[in-house]
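Work through the exercises below with the sequence and the structure at hand. Each task is followed by a solution in steps.

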Amino acid sequence: MSHYKRYPAYKDSELEWIGEIPEHWAIKPIKTIASCNDETLPDSIPPDTPIQYVDISAVSHDKGITDAEPMTFGDAPSRARRKARVGDVIVSTVRTYLKAVAFVDETHADCVYSTGFAVLRARREQLNPEYLKWLVLNELLIQAIESHSEGLSYPAIKASELVNLKSVVPSLPEQQHIASVLDHQTARIDALIAKKTRFIELLNEKHSALITHAVTKGLNANVKTKDSGVAWLGQVPEHWELLRAKRLFSERDERSTTGHEELLTVSHLTGVTPRVEKDVNMFEAETTEGYKICYAGDLVINTMWAWMGAMGTSRQTGLVSPSYNVYTPTHRLEPEFIDLLVRMPIFATEVRRFSKGIWSSRLRLYPEAFFEVELPVPPRIEQQTIVAKVRVETHRINALIEKTLRSIDLLKERRSAL
């Protein structure tokens, strides 16, 4: 007798977001297989009662519940009312494009949730809680919720309309099997994603360490060294000079008469870049006439955020805020070498010592203070060699990071497809 695998017959689900389903599966409104918002925190709770509050911003489809803010009930917003149990699923009914959907585990079962969530609880005679988790986390159902939301800038869906949406209901044994398979497969994929994410973190750490060593120790491991006398530098090559910034830079305070030059911005992440390349939501002046001009090779320091490392060498001529400071380097400095040096986290820590202000978040690095900072100065030809080496290694590391990010995206696509 021949043996063959029997495949189930399929039927049209008549739901656009689902398509065909096994013939023996049912199609039911969510409200028939799951209850909604069963528990609410009463107003009679004493104001000094401590709670852990979960807002919509603390929930994401990819990471689940990422934060629960401790507060007293009296200090909590009026929307802090929803309660949930282990096995429930929370679904945001406001700003549905954010995909704030998550499974409630033991860690967050005692939290209080925003009324912006619909809390779904499986009717156990029809639905396995673990299956409910995967049913609601399904990207297609989330898209269906989005498509039934109303409003352009603040799309929302009523909880009563959400639970009227229909979904597929296999038999309870099948639900258990599906949930078990998904738990196993997604855990494997999540572990791979975590491993690759950690690999990227290690690459970034290696890149940072490479730059720090190159610009403070050089590339020749066998060169004689000397004590720099500067705590953050330690030992440096014997033939390097140590000079205060006032001997290496002069302040430039040239102003634009038209404001037509390209506007640049300075951050601790990207250094000096055109503002159009940044997603900046801060207030922008009606005119940039009177802004400071910086030229290619100038060092620009964001006076207010220097303590965080917001500084760098400009690669082009442009305009910067009048509150920034612009410095022109002498012929002894290679602009790219200075960019590597000042953007090191350890250098930001050093300039913090010279910054003025009562609060750490209000520190300012003024020119007279910056000019007191001591800098390592290799011969210019050696600076160029260091820059070239770092450029090659940066390209190699960035290529590895890009490749790893693509593999993570593929894993996430595979997870979603499951």
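**Exercise 1: the sheet**

In this predicted model, an open sheet of four strands runs in the order E4-E13-E10-E11, with antiparallel pairing.

Task: Identify the edge strands of this sheet and state the average twist from one strand to the next.

Solution.
1. An edge strand pairs on one side only, and this holds for strand E4 (34–36) and strand E11 (101–103).
2. From one strand to the next, the twist averages 25 degrees.

**Exercise 2: the pairing of E13**

Task: Determine how many bridges join E13 to E4 and how many join E13 to E10, and give bridge partners in E13.

Solution.
1. Strands of a sheet pair through backbone hydrogen bonds, in either the parallel or the antiparallel sense.
2. E4 and strand E13 (residues 117–122) are antiparallel and share three bridges.
3. On this side, alanine 34 lies opposite alanine 122 in E13, and cysteine 36 has leucine 120 of E13 as its bridge partner.
4. Strand E10 (residues 89–92) pairs with E13 over four bridges, again in the antiparallel sense.
5. Valine 89 has leucine 120 as its bridge partner in E13. Leucine 120 is thus listed as a partner of both cysteine 36 and valine 89.

**Exercise 3: the two faces of E13**

Task: Sort the residues of E13 by the way they point, and decide whether they are buried or exposed.

Solution.
1. Phe117, Val119 and Arg121 point one way from the strand, and Ala118, Leu120 and Ala122 point the other way.
2. Buried means under 20% relative accessible area. By this cut-off, six of the six residues of E13 are buried, and the strand is mostly covered.

**Exercise 4: the nonpolar cores**

Task: Describe the largest nonpolar core, the elements that supply it and the contacts of Phe249.

Solution.
1. The largest nonpolar core has 37 residues, and Phe249, Phe347 and Phe370 have the most contacts inside it.
2. The elements that each supply at least two residues of this core include helix H5 (172–217), helix H7 (345–354) and helix H9 (380–417), as well as strand E22 (299–301) and strand E26 (374–377).
3. H6 gives the largest share, five residues.
4. Leaving out residues up to four places away in sequence, phenylalanine 249 touches, among others, Leu299, Tyr327, Ile338, Phe370 and Leu375.
5. A second, separate core has 31 residues, including Val91, Leu132, Ile157 and Ala179.

Key: Residues numbered from 1 in each chain as written. Predicted model: local features only at pLDDT ≥ 70, side-chain atom pairs only at ≥ 80, totals over all residues. Heavy atoms only, no water. Pairing = 2+ DSSP bridges. Axes fitted to C-alpha atoms, helices over the stretch in contact; angles between N-to-C directions. Core = buried A, V, L, I, M, F, W, Y, C linked by side-chain atoms within 4.5 Å. Buried < 20%, exposed > 50% of the residue type's maximum accessible area, 1.4 Å probe, protein only. Contact = heavy atoms within 4.5 Å.
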